Each structure stands twice: as C-alpha cells, then as structure tokens.
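Here are my notes on the model you sent round. They begin with one residue and work outward to the whole chain.

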Amino acid sequence: MCLGCGARLPKREMLRIVKTTEGEIKTDPTGKLNGRGCYVCGKPECTALLRKKRKLSQSFGCEVPADTYDRISTEINEWLTENGGQNIE
Ligand SMILES: [Zn+2]
C-alpha cells in the first residue's frame, strides 16, 4: 500500500523504501533488501506527502532527517525516470 495515497498496486508498480538492519534508509528497486519496508506509488504528490507528513518517520518509528527525505525524493524521481513506475523486475 502506498504511504502517500494508500493505493494498493502490484509490488512491481511501486517502489520499496527500506530501513536496513543497519538503520540506513534507502530505496530498494529490487525489493530484496533485508529490513523493514514500505512502498510508494511514485506519484509526485505522494513523494511530496512523504516529506510533508513525515511518513517515513511514522512508518519506521524513528527520526528521519531532512537530508534523507531529500535523497529518497531524488531516488524516487530517478526510479520514475527509468521505469515510469511500471514493470519493475
Ligand atoms: Zn501514492
């Protein structure tokens, strides 16, 4: 389920964001990293909501610094550019 809009889409059409066992927060286009994960659908408004509502902090139960939100937003945009939010393998 998308953290922003709550849409339920196939996993390959969403981008996983994971908090690794080392406590690092990163996007996980392969969906294979260990750790606690959540998903975004890639719509710009959902990416904006992540930051505005501090959704990653809520989802992972920890403080997420602003620069992490910056990095995640950039990575979401790169993922969209590469995949159009579709057909991730
Ligand atoms: Zn969404």
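**Notes on the predicted model**

1. Leaving aside neighbours within four places in sequence, Ile17 is in contact with Ile25, Lys26, Thr27, Arg36, Gly37, Cys38, Val40, Leu50, Leu56, Phe60, Ile72 and Ile76. The model is a predicted one, and these contacts should be read as such.

2. Apart from the core dealt with in point 3 lies another core, of 5 residues, including Cys2, Met14, Tyr39 and Cys46.

3. The largest nonpolar core has 14 residues, and those touching the most other members are Ile17, Ile25, Val40, Leu50, Leu56, Ile72 and Ile76. At least two residues of this core come from each of β1 (15–19), β3 (36–40), α2 (55–60) and α3 (66–83). The largest share, 4 residues, is supplied by α3. In soluble globular proteins, nonpolar side chains tend to be buried together.

4. The chain holds 3 helices and 3 strands, in the order β-β-β-α-α-α from the N terminus. Of the contacts between residues at least 6 apart in sequence, 49% join residues at least 24 apart.

5. For 89 residues, a compact globule would have a radius of gyration near 12 Å, and the chain agrees with this, at 12 Å. Its C-alpha trace spans about 30 × 25 × 20 Å along the principal axes.

6. Of the 89 residues, 39% are buried. The chain exposes about 5300 Å², with 48% of that area supplied by carbon and sulfur atoms.

7. On charge, the chain has 15 positive and 12 negative charges, and their mean positions lie 8 Å apart.

Technical notes. Residues are numbered from 1 along each chain as its sequence is written. This is a predicted model: local features need pLDDT of at least 70, side-chain atom pairs count only at pLDDT 80 or more; totals for chains, interfaces and linings use all residues. Side-chain values use heavy atoms; hydrogens and water are left out. The radius of gyration is taken over C-alpha atoms; the globule rule is 2.2 Å times the number of residues to the power 0.38. Buried means under 20% relative accessible area, exposed over 50%, partly exposed in between (1.4 Å probe, protein chains only). Contact means heavy atoms within 4.5 Å. Accessible areas come from the Shrake-Rupley method with a 1.4 Å probe; for residues, only the protein chains shown count as cover. Lys and Arg count as positive and Asp and Glu as negative; His and the chain ends are not counted. The place of a charge is taken as NZ of Lys, CZ of Arg, CG of Asp or CD of Glu. A nonpolar core is a set of buried Ala, Val, Leu, Ile, Met, Phe, Trp, Tyr and Cys residues joined through side-chain atoms within 4.5 Å.
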